[in-house]
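Reader: I'm in my first year and still learning how to read a protein model. Could you pick one covered part of this one, look at it closely, and then show me what goes on elsewhere in the fold?

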Amino acid sequence: MSVEKVDKRILWPVLMGFFIMGFCDIVAPITGRIATEFPESQQAAVSFLPTMVFLWFLVLSTPFAALMNRIGRKATAIIGYAFTIAGLLVPYAAGEGCALGWYFAGFGLLGIGNTAIQVAINPLLATIVPGERMTSYLTVGQIFRNTSLLLLAPIVTGLVALTGAWRLLLPIYAGLTVLGGVWLQATTVAEPVRNGRAAGMSDCFRLLCTLGVACFIAGDVGIGFLSVRLIDNPDSILTTTGFYACRIVGTLVGAWVLVRFSDVKYLRWNMAGALALCAVLLFVRHEAAIYAAVGLMGFALACVFAPFSARETKAVPDMTTGEAGSIMLAIAAGAVSGPVCGAIIRWTGNAHLGMLFVALCVGYMLWASFNLKTKK
């Protein structure tokens, strides 16, 4: 399907989907807040909360991709919105001091919804923008996604100051999801003819962006989990603001650099810098230095996905269900970050040592960058 001109009336509700897509990433940072509600004996279980979000990318990406092929991209995204709303409201409706199981149920639904959204939104965007401009519009989409995470810490800090609790964040984000769903449903998007072919698991694994994308997602979620624990301060969640603010800046800078220079060389420099920052966060204890290092880490990780995924998939209007589902399988790697980082913290009593896991992920990406063919 060829598109010469982008209709902004269609584009904006689709970009809203990227904003909503970021809601699943709030789980890792707010796990620190949730942990304070439970005794030491349940802390190991609390560290599995991010897993409940990302596990579904492994289990349901292929079924949702096949469903998208039958019912369409917009309808699949709307289904994802419905699950997201339910996932955000379940722990809130259970009330303050609720059992940990309510958080697991809610974040599980959130993960199911986010899987559907991520499977559908990129192909939906591809139906309304020209193929040669897809990369730039995906960059804009990532800025929208990072903005939803950038707002997390200010909203939580403001809610705590006004109400003494962070939990109103959940219905606020649920309300934004309702708004996005109504907006998208009211928008007519001309989708390509469905070919009726469901993606097989072999197709998805063949197209999977291997360990590069998996390590990026795992390291990214690991930073979200650890950043609020590196500083012993009630306002430590503000580290996420710095991280995602620098991520947005890095995305803009990367978009400019990647059209002029080799993506692989850019990846190598960023991963070398990220590995050095991991070493800094292992040893530095000064708050200002930690804020700066976490922020610079956000900049370094801003444009990692494209160099790996571009070797396997192309964001084009006729994206197949296999291509859409395969990327989601890699995102499932984020499920291991919370349990692994949580275990390291419990075994050592030192949150900074959790950065060893992130360093391992970054180290692999640095090694892999030297095994990718350089392309202009």
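Author: **A covered helix and its surroundings**

Helix H2 is mostly covered, with eight of its nine residues buried. Here, buried means a relative accessible area under 20%, exposed means over 50%, and partly exposed is what lies in between, computed with a 1.4 Å probe on protein chains only. What you see is a predicted model, in which local features need pLDDT of at least 70 and side-chain atom pairs count only at pLDDT 80 or more, while totals for chains, interfaces and linings use all residues. Residues are numbered from 1 along each chain as its sequence is written, and side-chain values use heavy atoms, with hydrogens and water left out.

The buried residues of H2 are Val27, Ala28, Pro29, Ile30, Thr31, Arg33, Ile34 and Ala35. H2 is one of 18 helices in the protein, which has zero strands. Both kinds of element are DSSP runs numbered from the N terminus: helices are H or I over at least four residues, strands E over at least two. Across the 376 residues of the protein, 57% count as buried.

Now for the empty space beside H2. Rolling a probe the size of a water molecule over the atoms shows where empty space is left. On a 1 Å grid over the protein atoms alone, a cavity is a set of points where a 1.4 Å probe fits but cannot get out, and its lining residues have an atom within 4 Å of a point. Grid points are joined across faces, edges and corners, and the volume is the space filled by probe spheres set on them. The structure holds two cavities of 30 Å³ or more, and the largest cavity has about 60 Å³ of space.

Which residues line the largest cavity? They are Cys24, Asp25, Ala28, Pro29, Phe54, Asp220, Val221, Gly224 and Tyr244. Ala28 and Pro29 are also among the buried residues of H2. H2 (27-35) and H11 (210-227) each supply at least two lining residues, and H11 gives the largest share, with three. By type, the lining has six nonpolar, one polar and two charged residues; Ala, Val, Leu, Ile, Met, Phe, Trp, Tyr, Cys and Pro count as nonpolar, Asp, Glu, Lys and Arg as charged, and the others, Gly among them, as polar.

H11 leads us on to cysteine 361 in helix H18 (residues 355-369). Cysteine 361 is buried, at a relative accessible area of 5%. Not counting residues up to four places away in sequence, cysteine 361 touches Cys215, Ala218 and Gly219, where a contact means heavy atoms within 4.5 Å. Its C-alpha is 9.5 Å from that of glycine 222, although the two residues are 139 apart in sequence. Links across the sequence make up much of the fold: of the contacts with a separation of 6 or more, 84% join residues 24 or more positions apart.

Next, a pair of helices. Two packed helices are described by the angle between their axes and the distance between the axes. H4 (residues 49-71) and H5 (residues 73-94) pack at about 130°, with axes 7 Å apart; axes are lines fitted to C-alpha atoms, for helices over the stretch in contact, and angles run from 0 to 180 degrees between N-to-C directions. H4 and H5 are therefore oblique to each other, since angles under 35 degrees count as roughly parallel, over 145 as roughly antiparallel, 65 to 115 as roughly perpendicular and the rest as oblique. Phe64, Leu67, Met68 and Ile71 of H4 meet Arg73, Ala75, Thr76 and Ile79 of H5. These contact residues comprise six nonpolar, one polar and one charged.

Phe64 turns up again beside isoleucine 112, whose contacts beyond four places in sequence are Trp56, Leu60, Phe64 and Phe83. Isoleucine 112 lies in helix H6 (residues 100-126) and counts as buried at 13% relative accessibility. Leucine 109, also in H6, counts as partly exposed at 24%. Beyond four places in sequence, leucine 109 is in contact with Phe83, Thr84, Ala86, Gly87 and Val90. Finally, tryptophan 102 of H6 is partly exposed at 46%, and its contacts beyond four places are Val90, Pro91 and Ala94.

How values were computed:
On a 1 Å grid over the protein atoms alone, a cavity is a set of points where a 1.4 Å probe fits but cannot get out, and a pocket is an open set with protein on both sides within 12 Å along at least five of seven lines; lining residues have an atom within 4 Å of a point.
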